[in-house]
Structure formats: structure tokens, C-alpha cells
Amino acid sequence: MCAAPHTAKLSESKRNVIETDGSAKFVYQVWKGNNRFLLGGRLIFGPDVRSMVLTVFLIVIPMILFTVFVSQRLINEFPHHHGYLIMAIGVVFTIYVLFLLVFTSARDPGIIPHNAHPPEPDNDTESELVGNQRGSLSLPPTKDVLVNGITVKVKYCHTCMLYRPPRCSHCSICNNCVERFDHHCPWVGQCIGKRNYRFFFMFVSSTTLLCLYVFAFCCVNLKKIMDANECSLWRAILRSPFSAILILYTFVAAWFVGGLTAFHLYLISTNQTTYENFRYRYDKKTNPYNQGWMRNFMETFFSEIPSSKNDFRATVKNNSTPFSSLPPGQVSSPPKTSVDLETGGKRHAVAEEELEDIQSEIGSMRVSEGCDPQPSHLIITESKTNREQATQDDIQIQALTAEINTENEKITKS
């Protein structure tokens, strides 16, 4: 009889331990971006990581065809085991390209951590704070930063609640601000930024060389068949159709990845990103980051890759998550519109960079002109909408409360 209370106390203590352990989560489990994580947060991918499977398929399948149907003929044609060397170089080079693909796709590209609250206004922005109709304050959409003696405007990101560093941009696909943002590459399923651009360029350029390697030895194989059988090119193709297929495939692929390689060589030599090249057109104005082609290449290939600013395997409490909502009464900025895509709570930002820039310019014009942020009829409409939304929220809360009370009564009766 005395053991029953003791057992109840033990079960209650175990339940408390389980609840305590369950309240602690890893950063990657509560991450606000749209990234996908593997191996307990050790690998981070973009939301379109499945496209990387297609990229692997486009690399591996042609190499298998080359090894099985082309290299076997070259082994017999070349003396002193040189044919084996040709096959081995192709296989090793393919593995090297796949490793570069993983290094590009599975690492933090340079994500700036999301802020839980907007930054505190400094001396420069404190005088620019503008009140809106609710009496709260809004941070200025841009502020000036000096880079190598040239003034550069940095923008405020409403999603990440921070002023982006120079060359940083928000990726609407991954929903993250990325340092030295170049572009989001669908072929690797990841943003290309400060921490993986080097591997991306090595992947693209190495894939170009691999295409040229397969293309060259497929041509050699057809030439050997023509010489050995004293036949025309058409008959040689009939004897080795996979050589012709691979020649056509690698010719098209080499133009694609080769063009990317040439374009990024130009970007590296002028110290631009793809985003900056298409958006700012530094050809018409001074590029504050250009240090000369030699220093630009040194910076890209020989500078130290900075450590990630995110510890995705760090533990956070549910009640103290770094991405908690903003308490009332603090300096706030209107959040970027977003839409729930899954019940798991993933958010996808729908405002693109161009729209955000237009809104920022309109906001700055209103600040400079000292006009009201919104017309009065919009304020009246918004207040009505807010009242309707509040009524709907009250109805939902009452329904949930009634449901919880019903479940409690069932548990008590049982």
C-alpha cells in the first residue's frame, strides 16, 4: 500500500524529465529559413535540393557509358596499359567533380543569422525614426556605409530584422540573407555566397574539363575505329554508337558549363557577383570592391573562408528560441508578407527584391517629405479589418478552450 504513492512520485518525476528534455531543441529544428538539414544539422541544403539528384544523374550516367562502352575499346587500342590510365583518370575526375558538388550544396553559403528583434537604433538612424498611425516607430529602409572611400547603401531586411552588410542580399527561395550573395543555383539546390562560391566555380570549371576530356577520347575512339577498319565516319559510328552520343552530349554540355566558367572568370577578375552584375552594372559606375584583377583572383581563391555564423547543432529552449516574436512596445518594422506552405510552420517569403526596393524608395520619399505613412481612408479600412480579424481570433480561442475543457472532463471521468 505504501509503494503506490512512491511509484506515482517516480512516474511524475520521469514525466517531468521527459518534458524538460523535450523542451530543448536544436537550432536547425527551429530554423526560420526554408533550408533542409541532414545528419542532425551537419549538412544544410536549399529547399530545392532534389534538383541536385538530377545534376548527379547528368554527370554519372554519361561517365558510366564512357567507362563501359568507350574505354574498353581504348584499352585494346592503346599499348602499355595506357587505356586503363585513360579510364582511371575519367573515373577519378568524376568523383572529384561530385565532391565539389557536395561541398557547394551541403554547406552554409554565408547565412546571416536571423534576429529575434529589430536592431536598436544608433546615432545615425535614431533621428530618422518615423512614427506611424499606431504610435510605434519604423526603422529607416536604408542607411549609408563607407566601403573603400565610396558610400554604399545597405538595406533593412524585414524578414531577418537586420541591416544587411554590404554585398549581402535576401534569397526569397531559401528565405535567408546571404553574405556576398551571388545567385541561387537550381542545379546545386543552394545559394551561392561567400562561403561556397570558390567550390561552385571549381565545380563548374571542372565539369567543363570533364566534358572536354570525354569529348576528346570519344573522338579518338572513332578515329581508331576508322583507321583499324578502313571505313568511313558513318560506319565507325555504327560500330560505336555511344561514342557519337557522348560526343553530341558533351559538346552541348561544354557550351553550357564552359560559358558559365568564362562568365564567372570575368566576374572574378572585376570582383563582381552575378547579382551585382545584373542589378548595378558597375561598367557605368565605380565598383567599390574592385582591387585589380590579380588581387581579385587572390581574394577569391586564396583568402581564408570564414567560419559559419550559425551553430545549427546548438540547443535552444522552446521558450527562449532566438526566433521568438517581438514583444509589444519595442521599435518595430512591418514584417514582409509571407504565406504558410506547410503545417510544419515553414514560411516562404513572397516579396521579391525588386518589390522591396520599390517599397524602400517610397518609404524613404515619405520620410524626406514628412508625409503620413498611409492615407486616412486606408487607416480606417485597416482598422475595420483588424477588428474583424480580432473577432475571428476570439471565436477560434473560445472554440479551442471549449474543446480542451471537454477533453479534460473525459480524462477526469475515465
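Here is a short chat about the predicted model shown above.

Colleague: Before we start, what kind of model is this?
Modeller: Side-chain values use heavy atoms, with hydrogens and water left out, and residues are numbered from 1 along each chain as its sequence is written. Local features need pLDDT of at least 70, side-chain atom pairs count only at pLDDT 80 or more, and totals for chains, interfaces and linings use all residues, since this is a predicted model.

Colleague: How many helices and strands are in the chain?
Modeller: Both are DSSP runs numbered from the N terminus: helices are H or I, at least four residues, and strands are E, at least two. On that count, the chain has 11 helices and 16 strands.

Colleague: What percentage of the chain is buried?
Modeller: Buried means under 20% relative accessible area, with a 1.4 Å probe and protein chains only. Of the 414 residues in the chain, the buried ones make up 36%.

Colleague: Which helix gives the largest share of the largest nonpolar core?
Modeller: Such a core is a set of buried Ala, Val, Leu, Ile, Met, Phe, Trp, Tyr and Cys residues joined through side-chain atoms within 4.5 Å. This one has 37 residues, and F66, F203, L210, V214 and C218 touch the most other members. At least two residues each come from α2 (50–77), α3 (82–105), α5 (197–229) and α7 (241–270). The largest share, 13 residues, is from α5.

Colleague: And which residues does L210 touch?
Modeller: Contact means heavy atoms within 4.5 Å. Leaving out residues up to four places away in sequence, L210 touches I59, M63, G90, F93, T94 and V97.

Colleague: In the open sheet β7-β8-β9, which are the edge strands?
Modeller: Two strands pair if DSSP finds at least two bridges between them. The three strands run in the order β7-β8-β9 with antiparallel pairing, and six bridges join β7 to β8 (residues 150–157). Pairing on one side only marks the edge strands, β7 (142–147) and β9 (162–163).

Colleague: Which residue in β8 is the bridge partner of V145?
Modeller: β7 and β8 run antiparallel. Within β8, V145 has as its bridge partner V152.

Colleague: Which residues line the largest cavity?
Modeller: A cavity is a set of points on a 1 Å grid over the protein atoms alone where a 1.4 Å probe fits but cannot get out, and lining residues have an atom within 4 Å of a point. The search finds one cavity of 30 Å³ or more. The lining is D108, G110, I111, E179, R195, P306, S307, S308 and K309.

Technical notes:
On a 1 Å grid over the protein atoms alone, a cavity is a set of points where a 1.4 Å probe fits but cannot get out, and a pocket is an open set with protein on both sides within 12 Å along at least five of seven lines; lining residues have an atom within 4 Å of a point. Grid points are joined across faces, edges and corners, and a volume is the space filled by probe spheres set on the points. Buried means under 20% relative accessible area, exposed over 50%, partly exposed in between (1.4 Å probe, protein chains only).
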